[in-house]
Amino acid sequence: MDIKIIDVRDDFIKFVVSGVDFSFVNSIRRALLADIPKMAIEDVEIHLGAISDEEGKTYESTTPLFDEIIAHRMGLIPIPTDLEMLGFKDECECDGEGCISCSIMYSLNKRGPCTVYSGDLEPLGDATLRPKDAKIPIVKLTEDEGILIYATAVMGIAKTHAKWQGIHGAGYKLYPKVDIDYKKCDNGGGCISICPVNIFVKDGKKVKIANPENCTMCKSCIEVCELDAVKIGYEDDKFIFRFETDGSLYAKDALLYALAHLGASFEEVIDLVDTMKPKDYKPIEPVKLAIDDEEGPEGVAYIPADESTHTPEEEPVEEEPVVEEPVEEEKPKKKAAAKKTTKKAPAKKAAKKK
Ligand code: SF4
Ligand SMILES: [Zn+2]
């Protein structure tokens, strides 16, 4: 397997992974979507009653939105998440009480008229924990309206709730393969002008291919080329993978976490299977092909049938149909002969005794 990163930013990554199959890249996609932890607001405490400002003016703690809607909107604000510094509350040394290793507390204190944004959330403590995207609207306040909220963000995963899904637009496509048959190509350049993503470029008089990974497989180049010189396909074991984050995580950190998580999950399965082995467990011998003739084609190891561990199923024996012969009527003479033979037998036995 090989990975080549072709574009990486804080909240976006695009890479080429080769030497793998669909199930492998899909397992990365699923781990990214469901298993990456991130911080999100879980508890919201909304102040009820009058709110006073520094000059003594009072505001009603009412808003045009229900409290539940405000709490829901706050839950979806991306909260900066440092996966090395923060952990799950129920696994924390504070025994779920809440501390700086598992929780971030925010206050939101605004008075109208104004629009309250995510950037108005004030972290209690580390100022770097302010939401990176400061322009997410929460609610609009009119004259004499105010809002005072205390909120707590905790770590979670998307399997529990979508607000803990930090990865979006995770997907992959097969790596495109664009070829020019130079025996047919007249370098006319029709493909250059028709391609929407500039896959074809002119190198001197010759048409060449640049950045084939950008090909959208629209096949316009095939349609325009009357000489049938352009071939479009894809590579079976090479994929272009891309995803973005909501800003709470760095894309590269998320990818590393997903890969480590997959590895740890498989280790867990191996350990579980190990505990299920009986004491006298022996690995199963691979089944060998058994034939009567020891000499097989070159490179194929045959063993004689009687030494084989593989016993072919017995073929059912076909029963021969019973043909009843017509019974002839016994003649009196033959009956007598039969009586003679049965009488002689004891005489023979007696002779042996003597
Ligand atoms: S299939 Fe479309 S995108 Fe791909 S090279 Fe041809 S014209 Fe360009
Ligand atoms: Zn804690």
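## Asn198, the cores and a four-strand sheet

Asn198 is exposed, because just 10 other C-beta atoms lie within 10 Å and the cut-off for exposed is 12 or fewer. This is a predicted model, so take the numbers below as computed from it.

**Backbone oddities**

Asn198 sits in the loop between helix H3 (190–194) and strand S12 (200–203). Its phi is near 55°, which is positive although the residue is not glycine. Met217 has a positive phi too, about 65°, and is not a glycine either. You'll find Met217 in the loop between strand S13 (206–209) and helix H4 (220–224). Met217 counts as exposed because it has 12 C-beta neighbours inside 10 Å. Why flag these at all? Most residues other than glycine have a negative phi, and most peptide bonds are trans. The peptide bond from Gly112 to Pro113 is cis, with omega near 5°. Pro113 belongs to the loop between S6 and strand S7 (114–117).

Here are the three angles side by side:

| Site | Angle | Value |
|---|---|---|
| Asn198 | phi | near 55° |
| Met217 | phi | about 65° |
| Gly112 to Pro113 | omega | near 5° |

**The sheet**

Four strands make an open sheet in the order S3-S10-S6-S8, with antiparallel pairing. S3 and strand S8 (122–123) are the edge strands; each has a single partner strand, so one side of each has no neighbour in the sheet. Between S3 and S10, which run antiparallel, there are 8 bridges. One residue to look at is Met39, whose bridge partner in S10 is Met155.

**The cores**

Which residues touch the most other members of the largest nonpolar core? In this set of 25 residues, they are Met39, Ile41, Ile79, Leu108, Ala151 and Ala153. Strand S3 (38–46), helix H2 (67–75), strand S6 (103–111), strand S9 (137–141) and strand S10 (146–156) supply at least two core residues each. S10 gives the largest share, with 6 residues.

Ala153 shows how this part of the chain comes together: beyond four places in sequence, its contacts are Met39, Ala40, Ile41, Glu42, Ile79, Ser103, Ile104 and Tyr106. A second core of 13 residues lies apart from the largest one, and its members include Leu32, Ile36, Phe243 and Leu255.

Back in the largest core, Leu108 is placed in strand S6. Leu108 is buried because 22 other C-beta atoms fall within 10 Å, where 20 or more is the requirement. Setting aside residues up to four places away in sequence, Leu108 touches Val116, Asp120, Leu121, Ile147, Ile149 and Ala151. Of these, take Ile149: it is 41 residues from Leu108 along the chain, yet their C-alpha atoms are separated by 5.0 Å.

**Helix H5**

Helix H5 covers residues 251–275, and at 1.5 Å a residue its 25 residues should span 36 Å; the end C-alpha atoms are 36 Å apart, so the two agree. Buried residues in H5 are Ala251, Ala254, Leu255 and Ala258. An α-helix has 3.6 residues a turn, so residues three or four places apart point the same way. The buried residues of H5 pack against strand S1 (2–9), strand S2 (12–18), helix H1 (22–34), strand S11 (167–180) and strand S14 (230–245).

**Around ligand 1**

What surrounds ligand 1? There are 14 residues, and the closest are Cys195, Ile199, Cys215, Cys218 and Cys221. By type, that shell divides into 11 nonpolar, 2 polar and 1 charged.

Notes. Residues are numbered from 1 along each chain as its sequence is written. Chains are lettered from A and ligands numbered from 1 in the order in which they are written. This is a predicted model: local features need pLDDT of at least 70, side-chain atom pairs count only at pLDDT 80 or more; totals for chains, interfaces and linings use all residues. A nonpolar core is a set of buried Ala, Val, Leu, Ile, Met, Phe, Trp, Tyr and Cys residues joined through C-beta atoms within 7 Å. Two residues are in contact if their C-beta atoms, placed from the backbone, lie within 7 Å. A residue is near a molecule or strand if its C-beta atom, placed from the backbone, lies within 6 Å of it. Ala, Val, Leu, Ile, Met, Phe, Trp, Tyr, Cys and Pro count as nonpolar, Asp, Glu, Lys and Arg as charged, and the others, Gly among them, as polar. The expected span of a helix is 1.5 Å times one less than its number of residues. Two strands pair if DSSP finds at least two bridges between them.
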